[in-house]
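Dear colleague,

I am handing over the structure below, and I would be grateful if you would open it beside this message and follow along. My notes on what was found come directly after it.

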Amino acid sequence: MTDPYGRALDYLRLSLTDMCNLRCIYCMPEEGAAQLPREAVLGLEECAHLCRILAGLGIRRVKITGGEPLLRNGLCALVRALALIPGVEQITLTTNGILLGGFLSRLRDAGIGAINVSLDTLNPAIFRRIARRDGLEQVLQAIGQAYAAGLPLKINCVPIRGLNDGEVVRIAGLAKERDIAVRFIELIPAGRAAAFQGLSEAEVRAALEAEYGALSPFRGRLGNGPAEYYAAEGFAGKIGFIGAVSRGFCERCNRLRLTSAGVLKACLSSGRSADLGALLRRGADDGEIAEAAQELVRRKPRAHSFSARYGIEDHRADEMFLVGG
């Protein structure tokens, strides 16, 4: 699939659920959010069916997200099913890590190719302040287990002023002794995250270079997304930055998102979507569903509205747990 701006779309973020076992203050209300009715959520066979259609159009890599995807029963069976789809080259997972330790062997056996773990702090008190739950010990233990199991591993940190801005140096240090990638992601002002101020890529980089010395651009490829990676002297792993707000990278966008309700979204900040789940359930054939996806791709926006450099004002971003974080 190629959009009107010449971008080849080969990467799908597939959300399995809007449920989560944390209540991060920039994502969900403390009491939780009204969940989608159970009947509105795609069954796993329906997920696999839609992924099969999208793979026929050019999707090659699938990232499983949520909410928290490890809450979804049958996850490993879905990974196995996706791995059998012709054209799908890699299946990866993003998780908050709380439940990860109990799933590692099954995920590896099912064919998961890499795991991203969200980790905003190494301080238990700050973890509870951000997540409104305990669990840092379980997350760190799971990271160690995943690394020992040889699974490619990335750590995702969202630095937020006044919350965890003093943690970036310590979190980056996780890549010093281990060959993992620690990525710092600029806060996307979607949903309740708009009430907070994130640190820019430049601010985080300055803090890291003050501690660890100059960061050298890494020219190799790590993953399927927009992160730019750097090497630090004495580090086994890499440091990555995803500067969606200050830098922007829409010119290289290669992704679509499929929500847990089966809605295909072309851009986080756009209201344009295609309800593939509804088409599937009303008996549309694969060709009709494929055409709906292609029509959405033909209307994919040039850029998102989160960065001033693009001058886009069509801002309709949903809460991230609804569209797949």
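In strand β10, the residue that serves as bridge partner of Tyr11 is Arg255. This pair belongs to the contact between β1, which covers residues 11–15, and β10, which covers residues 255–258, where four bridges join two strands that run parallel. Please keep in mind while reading that this is a predicted model.

As background, strands of a sheet pair through backbone hydrogen bonds, and they may do so in a parallel or an antiparallel way. Here there is an open sheet of twelve strands, and if you trace it across you meet them in the order β7-β8-β9-β6-β5-β4-β3-β2-β1-β10-β11-β12, with pairing that is mixed. Because β7 (215–217) and β12 (273–275) stand at the edges and each has a single partner strand, one side of each is left without a neighbour in the sheet. From one strand to the next, the twist averages 25°.

It may help to start at the β7 edge and work inwards. Strands β7 and β8 are antiparallel and pair over three bridges, with Leu215 having Ala232 as its bridge partner in β8. Strand β8 is also joined to β9, again by three bridges and with the two strands running antiparallel, and here Tyr230 stands opposite Ile239 of β9. With five residues between them, β8 and β9 form a hairpin, and in its turn you will find Gly234, which has a positive phi of about 85°.

Two helices are worth finding next. Helix α8, made of residues 201–212, lies across β6 (181–185), β7, β8 (228–232) and β9 (238–242), and it runs at about 160° to β9. Helix α5, made of residues 136–148, lies across β4 (114–118) and β5 (153–157), and its direction is at about 150° to β5.

The structure holds three aromatic pairs. One of them is formed by Tyr212 and Phe235, which meet edge-to-face, with 4.9 Å from centre to centre and 75° between the planes. This pair links distant parts of the chain, since Tyr212 is in helix α8 while Phe235 is in the loop between β8 and β9, 23 residues apart.

Turning to the pockets, the second largest has a volume of about 250 Å³. It is lined by 14 residues, and those closest to its centre are Thr17, Met19, Arg38, Val41 and Arg72. Sorted by kind, the lining of this second largest pocket has seven nonpolar, four polar and three charged residues.

Finally, there are two backbone details that you may like to look up yourself. The peptide bond leading from Gly66 to Gly67 is cis, with omega near 15°, and Gly67 is found in the loop between β2 (61–65) and α2 (75–83). The other is Arg132, a residue other than glycine whose phi is nevertheless positive, near 60°, and which is placed in the loop between α4 (124–131) and α5.

With best wishes

Definitions and conventions. Residues numbered from 1 in each chain as written. Predicted model: local features only at pLDDT ≥ 70, side-chain atom pairs only at ≥ 80, totals over all residues. Heavy atoms only, no water. Pairing = 2+ DSSP bridges. Axes fitted to C-alpha atoms, helices over the stretch in contact; angles between N-to-C directions. Contact = heavy atoms within 4.5 Å. 1 Å grid on protein atoms, 1.4 Å probe; cavity = no way out; pocket = protein on both sides within 12 Å on 5 of 7 lines; lining within 4 Å. Points joined across faces, edges and corners; volume = space filled by probe spheres on them. Nonpolar A, V, L, I, M, F, W, Y, C, P; charged D, E, K, R; others polar. Phe/Tyr/Trp six-rings, centres within 6.5 Å; stacked < 30°, edge-to-face > 60°.
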